[in-house]
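Visitor: Please give me a close look at one part of this model, the four-stranded sheet with its helices, and then show how the rest is packed.

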Amino acid sequence: MAIITSHHIDDVRESVNDALASLQTSLRELNNQIWSNPETAYQEHQAHDAICSFLEAQGFTVTRHAYGLPTSFEATTGSGGRLINFNAEYDALPEIGHACGHNLITTSSMAAFLALSFALKKFGLPGRTQLLGTPAEENGGGKAKLIDAGAYKGVDVSLMAHAGPKRLFPGVESDGVGGVLMNARKEIHCEFTGKSAHAGGNPWEGVNALDALVSSYNNVAVLRQQLLPDQRIHCAFLDTPKVANVIPSLTKAYWQVRSPTLGGLNKLMAKVRNCIEAGALATGCKVDIVENELYTDIKLNDTLCERYQVQMQKYGRNVLKSHDKVLTGSSDIGNVSYITPTLHTMFAIPAPGGSFPHHPSFAAAAGTDEAHEEAVIVGKSLALIGWEMITDDAMFEQAVQQWQQSIQTE
């Protein structure tokens with residue numbers, strides 16, 4: 001059913017600005033609290049409690065520990081109409097804190113949720129908003145688990161934004177990019193089992209699990225010569241021998257495999273698995289392999305990217321609509337983009353030259369007042385896109401059609 005409204009977008013923008021102006025100080029305090037107390041995947045207890053308490057203080061009903069995840073939460077408002085989801089990430093990186101700026105993701109998504117909720121209530125229109133706390137983006141696939149638990153059921157559009165430097169790609173400087181391609185990623189966990197023996201006395205009776213691990217690693221090293229430019233393979237040795245005079249009977253490792261598309265990832269995963277199995281075969285070991293934590297590539301939505309560019313221009317920001325180069329990181333927001341039209345923007349914050357997410361210098365940049373101000377402006381823009389998706393049938397249907405076409409390509 002079409003929604004007919006006489007409210008001009010400029011009137012809504014003014015309402016959004018007014019709503020967030022009154023919360024300026026408290027939003028900054030929340031941002032700083034999260035940034036000052038970095039917590040890693042599924043350990044974000046302080047961030048969870050702080051965000052929930054903030055929302056409850058503003059009169060929102062919050063479900064803590066939502067969908068079976070101790071550090072997830074959900075807040076919803078409104079009735080009838082379409083449901084707009086905003087995602088709040090707040091996990092940090094080991095040792096280097098919020099070097100990926102997830103405190104700013106929380107800030108922008110919180111600002112968007114508050115602004116759109118207040119605007120829908122003020123103008124009396126049908127429409128619903130959801131702020132979802134999505135833990136463990138860095139490692140753990142929180143959004144994938146939330147999808148499985150039904151957290152995104154009924155969501156019509158999903159919106160969020162991620163901080164980055166002004167020079168996100170070589171030779172390209174801007175205030176952000178509406179749509180950024182990111183790699184699909186999956187993990188391979190492997191455990192090699194051999195037979196222990198004394199390395200000096202009777203090594204011929206042993207079956208060396210370390211040889212199997214090293215052989216598999218070298219096999220993948222050879223495979224790297226045939227990788228596509230944007231494909232990546234990383235490895236961590238988890239369990240290796242601690243003494244030299246014993247043939248080891250057990251070793252463990254895990255791999256992260258990345259490719260620009262889900263189809264490409266599946267093909268590359270098969271090759272890496274062959275490399276691991278060949279290491280076991282060559283040494284006479286057994287190998288157990290477990291594949292998990294799939295992060296898909298991100299399906300860009302041209303309509304949502306274009307609306308982000310337009311809304312950010314209203315706040316004096318020069319934003320690219322999209323970029324065709326793959327940003328070689330990965331995010332579980334890609335999984336969301338396979339089930340509903342999704343916007344995952346990158347917005348620029350002031351940062352030292354050469355600073356980039358996952359570098360210690362970016363953690364410092366993410367804690368500044370200037371970065372907070374950019375996150376709030378982004379939140380306002382996301383709120384206005386949410387408003388358009390609720391109130392403009394033609395625009396929403398266009399976004400849906402583009403999304404349906406994009407997922408059919410896999």
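Guide: What follows describes that sheet, then a second sheet, then two helix pairs.

This is a predicted model, in which local features need pLDDT of at least 70 and side-chain atom pairs count only at pLDDT 80 or more, while totals for chains, interfaces and linings use all residues. Residues are numbered from 1 along each chain as its sequence is written, and side-chain values use heavy atoms, with hydrogens and water left out.

The unreviewed UniProt entry lists residues 187–279 as "domain: Peptidase M20 dimerisation"; such annotations may be inferred rather than shown by experiment. Over residues 187–279 the chain is 35% helix and 31% strand, with its end C-alpha atoms 18 Å apart. Helices (H or I, at least four residues) and strands (E, at least two) are DSSP runs, numbered from the N terminus.

The sheet is open, has 4 strands in the order β9-β11-β7-β12, and its pairing is antiparallel; two strands pair if DSSP finds at least two bridges between them. At its edges are β9 (232–239) and β12 (286–295), each pairing on one side only. On average, neighbouring strands of this sheet are turned by 20 degrees against each other, direction ignored. Angles run from 0 to 180 degrees between N-to-C directions, and axes are lines fitted to C-alpha atoms, for helices over the stretch in contact.

Within the sheet, 10 bridges link β7 (residues 184–193) and β11 (residues 250–259) in the antiparallel sense. I188 stands opposite W255 in β11. Helix α6 (residues 209–223) packs on the sheet and touches β7, β9 and β11, its direction making about 15 degrees with that of β11. Contact means heavy atoms within 4.5 Å. Helix α7 (residues 262–283) lies across β7, β9, β11 and β12 and runs at about 15 degrees to β7.

The second sheet is also described as open, with 8 strands in the order β1-β2-β4-β3-β5-β14-β6-β13 and mixed pairing. Its edges are β1 (62–64) and β13 (320–327); each has a single partner strand, so one side of each is left without a neighbour in the sheet. The twist averages 25 degrees from one strand to the next. Strands β3 (residues 83–88) and β5 (residues 157–164) run parallel, joined by 3 bridges, and N85 has S158 of β5 as its bridge partner.

Helix α3 lies across β1, β2 (73–79) and β4 (127–133), at about 160 degrees to β1. The axes of α3 (residues 45–57) and α4 (residues 102–123) come within 13 Å and cross at roughly 20 degrees. That makes α3 roughly parallel to α4, a term for angles under 35 degrees, whereas over 145 is roughly antiparallel, 65 to 115 roughly perpendicular and the rest oblique. The crossing of α3 past α4 is right-handed, that is, the near helix is turned clockwise from the far one by less than a right angle. Here I51, F54 and L55 of α3 meet T106, M110, F113 and L114 of α4. By class, this contact has 6 nonpolar residues, 1 polar and no charged. Ala, Val, Leu, Ile, Met, Phe, Trp, Tyr, Cys and Pro count as nonpolar, Asp, Glu, Lys and Arg as charged, and the others, Gly among them, as polar.

Helices α1 (residues 9–21) and α11 (residues 369–391) pack at about 140 degrees, with their axes 10 Å apart. That makes α1 oblique to α11.
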